[in-house]
Amino acid sequence: MPAFICPRCGSRESNIERNQQHQPRGCSSCGFGFLFELLEDYYPSPKTALITCDQERRILAVGGSTFAATGYNESDLIGHEVLQALGVQDYEGDDPAERCLEWGVRVLDLKCRYQPAGEGELKSATVDLFPAYDEDGGLLVALTPA
Ligand SMILES: [Zn+2]
């Protein structure tokens with residue numbers, strides 16, 4: 001069964017009816033305008049920054065924990081390439097956003113470091129990336145500070 005997650009508040013909705021073409025109307029917890037479809041359920045930590053991106057990896061919307069996790073406001077981030085905007089680096093393997101978008105696969109539990117706003121030091125984090133299944137493509141990036 002598909003699961004849906006609100007990219008704003010992290011609320012999950014797995015038992016909603018999906019009508020033929022459209023995703024469910026929005027988040028019943030916070031009223032955010034769209035939900036992100038996941039193939040399998042995912043449980044973000046309350047610390048997890050949820051960041052929704054378009055198919056060019058540009059940030060479209062950020063979740064409520066993003067400021068606490070990264071120090072960036074949504075207005076700092078919108079329109080920027082996600083891995084660059086967060087300074088995500090020191091991960092193993094190829095570019096995880098490219099793998100996610102190119103192959104349409106989840107990339108889970110990727111250890112990395114990132115650059116929080118206004119801090120000189122990199123912080124450790126775990127990043128999960130989920131491809132979107134709607135026609136617009138895109139991806140959801142979940143960054144959880146270690
Ligand atoms: Zn919500």
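## The zinc site

Donors to a metal such as zinc are taken here as N, O and S atoms within 2.8 Å of the metal. In this predicted model, the zinc ion has four protein donors that fit that description: the SG atoms of Cys6, Cys9, Cys27 and Cys30, lying 2.2 to 2.3 Å from the metal. Along the chain, these donors follow the spacing C-x2-C-x17-C-x2-C.

How are the four donor atoms arranged around the zinc ion? The angles they subtend run from 105 to 112°, which makes the arrangement tetrahedral. As a yardstick, the ideal angle for four tetrahedral donors is 109.5 degrees.

It is worth following two of the donors into the fold. Cys6 sits in the loop between strand S1 (3-5) and strand S2 (12-13), while Cys27 sits in the loop between S2 and strand S3 (36-38), so this pair ties together parts that are 21 residues apart in sequence. Both Cys6 and Cys27 are buried; for Cys27, the relative accessible area is 7%.

## The three-stranded sheet

The strands that flank those loops also meet in a sheet of their own. S2, S1 and S3 form an open sheet, in the order S2-S1-S3, with antiparallel pairing. S2 and S3 stand at the edges and have a single partner strand each, so one side of each is left without a neighbour in the sheet.

Let us look at one of the pairings more closely. Three bridges link S1 and S3 in the antiparallel sense, and Ile5 has Phe36 in S3 as its bridge partner.

## Aromatic pairs

How many aromatic pairs does the structure hold? There are two, and one of them joins Phe32 and Phe34. Their ring centres are 5.2 Å apart and the planes make an angle of 50°, a tilted pair.

Are Phe32 and Phe34 alike in their exposure? Phe32 counts as buried because its relative accessibility is 15%, below the 20% cut-off. Phe34, with a relative accessible area of 31%, is partly exposed.

## The five-stranded sheet

A second open sheet has five strands, in the order S5-S4-S8-S7-S6, and its pairing is antiparallel. Its edge strands are S5 (59-62) and S6 (107-114), each of which pairs on one side only. From one strand to the next, the twist averages 25°.

At the S6 edge, the neighbour is strand S7 (residues 123-131): S6 and S7 run antiparallel and are joined by six bridges. One residue to pick out here is Arg113, whose bridge partner in S7 is Ser124.

## Cysteines without disulfides

How many disulfides does a search of the whole structure find? The answer is zero. Cys112 is a good example to check: the nearest cysteine sulfur belongs to Cys53 and is 14 Å away, and Cys112 is in no disulfide. For comparison, the cut-off for a disulfide is a pair of cysteine sulfur atoms within 2.5 Å. Cys112 is also buried, with a relative accessible area of 4%.

## A loop between two helices

Finally, here is a stop at Asp90, which lies in the loop between helix H3 (82-85) and helix H4 (96-103). Asp90 counts as partly exposed because its relative accessibility is 47%. From C-alpha to C-alpha, Asp90 and Ala132 are 25 Å apart in space, and they are separated by 42 residues in sequence.

Definitions and conventions
Residues are numbered from 1 along each chain as its sequence is written. This is a predicted model: local features need pLDDT of at least 70, side-chain atom pairs count only at pLDDT 80 or more; totals for chains, interfaces and linings use all residues. Side-chain values use heavy atoms; hydrogens and water are left out. Donors are N, O and S atoms within 2.8 Å of the metal (3.2 Å for Na, K and Ca); water is not among the atoms, so sites may look incomplete. Four donors count as tetrahedral if all angles lie between 85 and 135 degrees; four count as square planar and six as octahedral if opposite donors are over 155 degrees apart and all others between 65 and 115; anything else is irregular. Helices (H or I, at least four residues) and strands (E, at least two) are DSSP runs, numbered from the N terminus. Buried means under 20% relative accessible area, exposed over 50%, partly exposed in between (1.4 Å probe, protein chains only). Rings of Phe, Tyr and Trp (its six-membered ring) pair if their centres lie within 6.5 Å; planes under 30 degrees apart count as stacked, over 60 as edge-to-face and the rest as tilted. Two strands pair if DSSP finds at least two bridges between them. Axes are lines fitted to C-alpha atoms, for helices over the stretch in contact, and angles run from 0 to 180 degrees between N-to-C directions.
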